[in-house]
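The following exercises concern helix packing and pocket lining in a predicted model. Each task is followed by a worked solution.

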Amino acid sequence: MESLNNTEIEALVIRLKSGDETAFAEVYDRYSGAINGIILRIVTDSEASQDVLQDTFVKIWKNIQSYDSTKGSFFTWMLNIARNTSIDSLRKLKK
């Protein structure tokens, strides 16, 4: 898939915020590979990373209303969710 410009990303976020499941599928298709790469750097287990990836996208879907483009890019926002979810996953495993 080709890269999106800022206007296209904003339109995609608006669709997500309105509950558009097709937009969510597009976000997953576009970004899941890159996000899983970040997760794998933290979690290191490929099976566990798939669970964290799923949890990450559930959180993205549930928390999309909190995304604010004035505070950073959409991709960075998603990466922060992935990083935090990965760290939480590691903490649970250590218990």
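**Exercise 1.** Determine whether α1 and α2 are parallel, antiparallel, perpendicular or oblique to each other.

*Solution.* Step 1: the axes of helix α1 (residues 6-17) and α2 come within 8 Å, and they cross at roughly 130 degrees. Step 2: angles from 65 to 115 degrees count as roughly perpendicular and those over 145 as roughly antiparallel, so an angle outside these ranges and not under 35 degrees is oblique. Step 3: α1 and α2 are therefore oblique to each other. Step 4: the crossing of α1 past α2 is left-handed. Step 5: on the α1 side, the residues in contact are Ile9, Leu12, Arg15 and Leu16; on the α2 side, they are Thr22, Ala23, Phe24, Glu26, Val27 and Tyr31. Step 6: sorted by class, this contact of α1 with α2 holds seven nonpolar, one polar and two charged residues.

**Exercise 2.** Describe how α2 packs against helix α3 (residues 46-63).

*Solution.* Step 1: the axes of α2 and α3 lie 9 Å apart, at an angle of about 135 degrees. Step 2: this angle makes α2 oblique to α3. Step 3: α2 passes α3 with right-handed crossing geometry. Step 4: α2 contributes residues including Phe24, Tyr28, Tyr31, Ile35, Ile39 and Leu40, and among their partners in α3 are Val52, Leu53, Phe57 and Trp61. Step 5: the class count for the contact of α2 with α3 is 13 nonpolar, six polar and one charged residues.

**Exercise 3.** Characterise the crossing of helix α2 (residues 21-43) and helix α4 (residues 74-94).

*Solution.* Step 1: the two axes, of α2 and α4, come within 9 Å and cross at roughly 40 degrees. Step 2: α2 is accordingly oblique to α4. Step 3: the handedness of the α2 and α4 crossing is right-handed. Step 4: from α2, the contact is made by Val27, Tyr31, Ala34, Ile35, Ile38, Ile39, Ile42 and Val43; from α4, by Phe74, Phe75, Met78, Leu79, Ala82, Arg83, Ser86, Ile87 and Leu90. Step 5: the contact of α2 with α4 comprises 15 nonpolar residues, one polar and one charged.

**Exercise 4.** Which element supplies the largest share of the lining of the largest pocket?

*Solution.* Step 1: the largest pocket holds about 190 Å³ of space. Step 2: its lining consists of Asn6, Ile9, Glu10, Val13, Ile14, Tyr31, Tyr67, Ser69, Ser73, Phe74 and Phe75. Step 3: α1 and α4 are the elements that give two or more residues to this lining. Step 4: the largest share, five residues, comes from α1. Step 5: by class, the lining of the largest pocket divides into seven nonpolar, three polar and one charged residues. Step 6: Tyr31 appears in this lining, and Tyr31 of α2 also takes part in the contact with α1.

How values were computed: Residues are numbered from 1 along each chain as its sequence is written. This is a predicted model: local features need pLDDT of at least 70, side-chain atom pairs count only at pLDDT 80 or more; totals for chains, interfaces and linings use all residues. Side-chain values use heavy atoms; hydrogens and water are left out. Axes are lines fitted to C-alpha atoms, for helices over the stretch in contact, and angles run from 0 to 180 degrees between N-to-C directions. Helices (H or I, at least four residues) and strands (E, at least two) are DSSP runs, numbered from the N terminus. A crossing is left-handed if the near helix is turned anticlockwise from the far one by less than a right angle, and right-handed if clockwise. Contact means heavy atoms within 4.5 Å. Ala, Val, Leu, Ile, Met, Phe, Trp, Tyr, Cys and Pro count as nonpolar, Asp, Glu, Lys and Arg as charged, and the others, Gly among them, as polar. On a 1 Å grid over the protein atoms alone, a cavity is a set of points where a 1.4 Å probe fits but cannot get out, and a pocket is an open set with protein on both sides within 12 Å along at least five of seven lines; lining residues have an atom within 4 Å of a point. Grid points are joined across faces, edges and corners, and a volume is the space filled by probe spheres set on the points.
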